[in-house]
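Please open the model in your viewer and keep the sequence panel beside it. The tour below goes from one selection to the next and says what is there at each stop.

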Amino acid sequence: MLRETLTATIEKAAITEGYAFHTGFAYRINNGIAKFPAAWLLPVRIIAVEGRRDGYLTYQMTLYLMHLDKKPRPESRERQWAELEIAALRILDNIRQTNIRYPKIGCTPAENSLTNYGETALKIECEVRMRFCPADSPLED
């Protein structure tokens, strides 16, 4: 349930910033993008659990933001990466407003395009901490 909530929250935040949202494994990115600018969320994964029946789950989140420029030049890539970083921070700010916390954030420009379109891309990685309680957890003693 928390995974679905997190994915839906990220989707809403990306769409709010004008990105077509997609999710799936990395090998599907090349064939999965139909519209730009695009956001691609890799499946989130649990990296830490605090508590047994209630507590906190920490997920590793990786989100790619992609912008298509028909005639990219080296100087325009730098400008686009800067714009993508600003968009990433706005998306993360929208997520934070839902009481989901992310203590560590990293943004890395992609050296090569992720699709055959030749887009400029930015990889956003962060740890997302979410509270879980017995109503969320199917685990029984």
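Begin by selecting alanine 20, which in this predicted model belongs to strand E1, the run of residues 20-23. Is this alanine buried or exposed? Alanine 20 has a relative accessibility of 18%, and because buried means under 20%, alanine 20 counts as buried. If you now display the residues around alanine 20 and leave out those within four places in sequence, you will find that it is in contact with Lys35, Pro37, Ala38 and Ala39. Add alanine 34 to the selection and draw a line between the two C-alpha atoms: alanine 20 and alanine 34 are 14 residues apart in sequence, and the distance between them in space is 8.5 Å.

Next, select strand E4, residues 55-67, and keep it highlighted for the following stops. Of the 13 residues of E4, 11 are buried, so the strand is largely enclosed by the rest of the structure.

Which strands pair with E4? Colour strand E3, residues 45-50, and you will see that E3 and E4 pair in the antiparallel sense over five bridges. Within this pairing, alanine 48 stands opposite threonine 58 of E4. Move then to the hairpin that E3 and E4 form, where four residues lie between the strands, and pick out glycine 51, which takes a positive phi near 100°.

Colour strand E2, residues 38-41, as the next partner: E2 and E4 run antiparallel and are joined by four bridges. To find one place where they meet, select leucine 41, which stands opposite leucine 63 in E4.

Strand E6, residues 120-132, can be coloured after that, and it too runs antiparallel to E4, with 13 bridges joining the two. Select glutamine 60 and follow it across to E6, where its bridge partner is glutamate 127.

For the last stop, turn to helix H3, residues 74-96, and select glutamine 80, which lies within it. With a relative accessibility of 2%, glutamine 80 counts as buried, because this value falls under the 20% cut-off. What does glutamine 80 touch, once residues up to four places away in sequence are not counted? Show the side chains around glutamine 80, and you will find that its contacts are His67, Asp69 and Thr120. With E4 and E6 still coloured, you can place two of these contacts, since strand E4 covers residues 55-67 and strand E6 covers residues 120-132.

Conventions:
Residues are numbered from 1 along each chain as its sequence is written. This is a predicted model: local features need pLDDT of at least 70, side-chain atom pairs count only at pLDDT 80 or more; totals for chains, interfaces and linings use all residues. Side-chain values use heavy atoms; hydrogens and water are left out. Buried means under 20% relative accessible area, exposed over 50%, partly exposed in between (1.4 Å probe, protein chains only). Contact means heavy atoms within 4.5 Å. Two strands pair if DSSP finds at least two bridges between them.
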